[in-house]
Amino acid sequence: MSVHVIRSTQKPQEYYDAPGLVRKIEQELKGSHYGIGVGAKDNEARGRVRDILKSHGGHFINYYGHWTAESLEP
């Protein structure tokens, strides 16, 4: 598992560029929130990561894969 933290001074990666997504990420960063990327390859790992992030106040939790993006918030 790998983790990446995006600071408010950084630009989101180009592969996040879906309609409105980059704008939402920039709003979150400007609102002093952190962007955290965690490598989780299967549904079980993604569920564990989601639960951990939510237990610590995480929101706007998504999965980004090759040619796909999916919200992990119910």
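In which helix does Glu 28 lie? Glu 28 lies in helix 1, and the tour will return to this residue after a look at the whole chain.

**Before selecting anything**

What you have open is a predicted model, in which local features need pLDDT of at least 70 and side-chain atom pairs count only at pLDDT 80 or more, while totals for chains, interfaces and linings use all residues. Residues are numbered from 1 along each chain as its sequence is written, and side-chain values use heavy atoms, with hydrogens and water left out.

**The whole chain**

Display the chain as a cartoon and colour it by pLDDT, the predictor's confidence in each residue on a scale from 0 to 100. The average is 77, and 73% of the residues score at least 70. Among the elements, strand 1 (residues 3–6) has the lowest mean pLDDT, at 53, and helix 2 has the highest, at 93.

Following the cartoon along the sequence, you should meet the pattern β-α-β-α-β-β, made of two helices and four strands; here helices (H or I, at least four residues) and strands (E, at least two) are DSSP runs, numbered from the N terminus. Of the 74 residues, 22% count as buried, where buried means under 20% relative accessible area, exposed means over 50%, and partly exposed lies in between, with a 1.4 Å probe and protein chains only. If contact is taken as heavy atoms within 4.5 Å, then among contacts between residues at least 6 apart in sequence, 43% join residues at least 24 apart.

**Helix 1**

Select residues 21–30, which form helix 1, and show the side chains of its buried residues, Leu 21, Ile 25, Glu 28 and Leu 29. These residues cover an arc of only 100° around the axis, and so they lie on the same side of helix 1; the arc is that of the directions from the helix axis to the C-beta atoms. Turn to the other side of the helix, and you will find Arg 23 and Lys 30 exposed.

**Glu 28 and Lys 24**

Now centre the view on Glu 28, which counts as buried at 13% relative accessibility. Leaving aside residues up to four places away in sequence, Glu 28 touches His 33, His 59 and Phe 60.

Add Lys 24 to the selection, since its side chain meets that of Glu 28 in a salt bridge at 2.8 Å, N to O; the term requires a side-chain nitrogen of Lys or Arg within 4 Å of a carboxyl oxygen of Asp or Glu. Because Lys 24 and Glu 28 are four residues apart in helix 1, about one helical turn separates them. Unlike the buried Glu 28, Lys 24 is partly exposed, at 29% relative accessibility.

**Phe 60**

Keep Lys 24 in view and select Phe 60, for the charged end of Lys 24 sits over the ring of Phe 60, 5.2 Å from its centre. To count in this way, NZ of Lys or CZ of Arg must be within 6 Å of the ring centre and within 35 degrees of the ring normal. Phe 60 belongs to the loop between helix 2 and strand 3 (62–65), and it is partly exposed at 27% relative accessibility. Its backbone also deserves a look, as phi is near 55°, a positive value in a residue other than glycine.

**Ser 32**

Is Ser 32, the next residue to select, buried or exposed? Ser 32 is exposed, with a relative accessible area of 61%, and its place is in the loop between helix 1 and strand 2 (35–38). Although Ser 32 is not a glycine, its phi is positive, at about 65°.

**Helix 2 and Tyr 63**

Move on to helix 2 (residues 43–55), where Glu 44 and Arg 48, being four residues apart, are separated by about one helical turn. The two form a salt bridge, with the closest N and O atoms 3.3 Å apart; Glu 44 is exposed at 58% relative accessibility, whereas Arg 48 is partly exposed at 43%.

Next select Arg 50 and Asp 51, whose side chains meet in another salt bridge, at 3.2 Å, N to O. Arg 50 counts as partly exposed at 24% relative accessibility, and Asp 51 is also partly exposed, with a relative accessible area of 44%. The structure holds four salt bridges, among them those visited on this tour.

For the last stop, select Arg 46 and Tyr 63: Arg 46 lies over the face of Tyr 63, at 4.0 Å from the ring centre.
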